[in-house]
Amino acid sequence: MIEVNNLFKSYGDKTIFEDVSCSLKNHRIYALVGINGIGKSTLLNAITQPFSFDRGKVSIDGINNRLFEVKFHFFYVPDSKEMFLNLTGAEYLKFIIQLYRQDEKIAEEKLKRLSVMFKLDRSLNEYIANYSLGMKQKVYLMAAFLSGASNLILDEPFNGLDPESVAILKKMLLEYRDAGNLVLFSIHNLDLAANFCDNVLFVDRERKVFQVENPRNFNELETVFFTQCV
Ligand SMILES: Nc1ncnc2c1ncn2[C@@H]1O[C@H](COP(=O)(O)OP(=O)(O)OP(=O)(O)O)[C@@H](O)[C@H]1O
């Protein structure tokens, strides 16, 4: 569950958000959609980085995101693919399992299953620095699933993934949602947003945020996008 209330954010004299609010429920997959440069990453940063916004309140599972304990309630995969480069995949994933205080035996089993599914099992002892873009994306996504956090927040998670990995990620996200969790990810592909997501969160051209619940099809979302976002 994520609540954003009366969010204000500027970069210097450039105002991005003025009094933005939205409410996201468990058991749902949310797509975050809007034109380039409108503020999608800024919104995801506000949710996950408590001191990145100027005013307002964000809470995750009812916990103010400025409190330390909130960190166990979400996992964020940002758009940067240049993190933890000096660790091997295995070292990084073990670090996440410990940081999120997961049961090591259960998490190790899950790690094995995920690495075979994503075809990373033979590369886990290589440095992340030497991974391709898609391999980096996969290892950060594996970390998200291993964290046990009940809210996954992902910046363009399908970028760089081959079609097989896209299918695996979709399956994992559906399982994760069906276990009662929340997924929020930014995406430019309206077809995927229409056919895969439960809700679509639009940032419109005035940088106001609104939702379409249970989108019917691509045409509906395309019409909303071109009338309100462009
Ligand atoms: N650190 C920063 N300093 C100054 N301006 C910034 C900074 N980060 C983002 N911006 C500006 O804020 C606006 C929103 O950027 P943001 O990255 O949130 O957009 P986005 O919707 O995620 O874009 P895209 O779809 O291209 O990834 C843009 O105009 C961008 O130039």
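Two strands count as paired if DSSP finds at least two bridges between them; strands (E, at least two residues) and helices (H or I, at least four) are DSSP runs numbered from the N terminus.

The model is predicted: local features need pLDDT of at least 70, side-chain atom pairs count only at pLDDT 80 or more, and totals for chains, interfaces and linings use all residues. Residue numbers start from 1 along each chain as its sequence is written.

**Exercise 1.** Determine how β3 and β9 pair, and place both strands in their sheet.

*Solution.* Step 1: β3 (residues 28-33) and β9 (residues 199-203) pair in the parallel sense over four bridges. Step 2: the bridge partner of Tyr-30 in β9 is Asn-199. Step 3: the open sheet has six strands, ordered β6-β7-β8-β3-β9-β10, with mixed pairing. Step 4: β6 (74-77) and β10 (209-213) each have a single partner strand, so each edge strand has one side without a neighbour in the sheet. Step 5: from one strand to the next, the twist averages 15° (axes are lines fitted to C-alpha atoms, and angles run from 0 to 180 degrees between N-to-C directions).

**Exercise 2.** Identify the residues that surround the ligand and classify them.

*Solution.* Step 1: using C-beta atoms, placed from the backbone, within 6 Å of the ligand, the shell comprises Tyr-11, Ile-16, Gly-34, Asn-36, Gly-37, Ile-38, Gly-39, Lys-40, Ser-41 and Thr-42. Step 2: three are nonpolar, six polar and one charged; Tyr and Ile count as nonpolar, Lys as charged, and Gly as polar. Step 3: helix α1 (residues 40-48) supplies the largest share, three residues.
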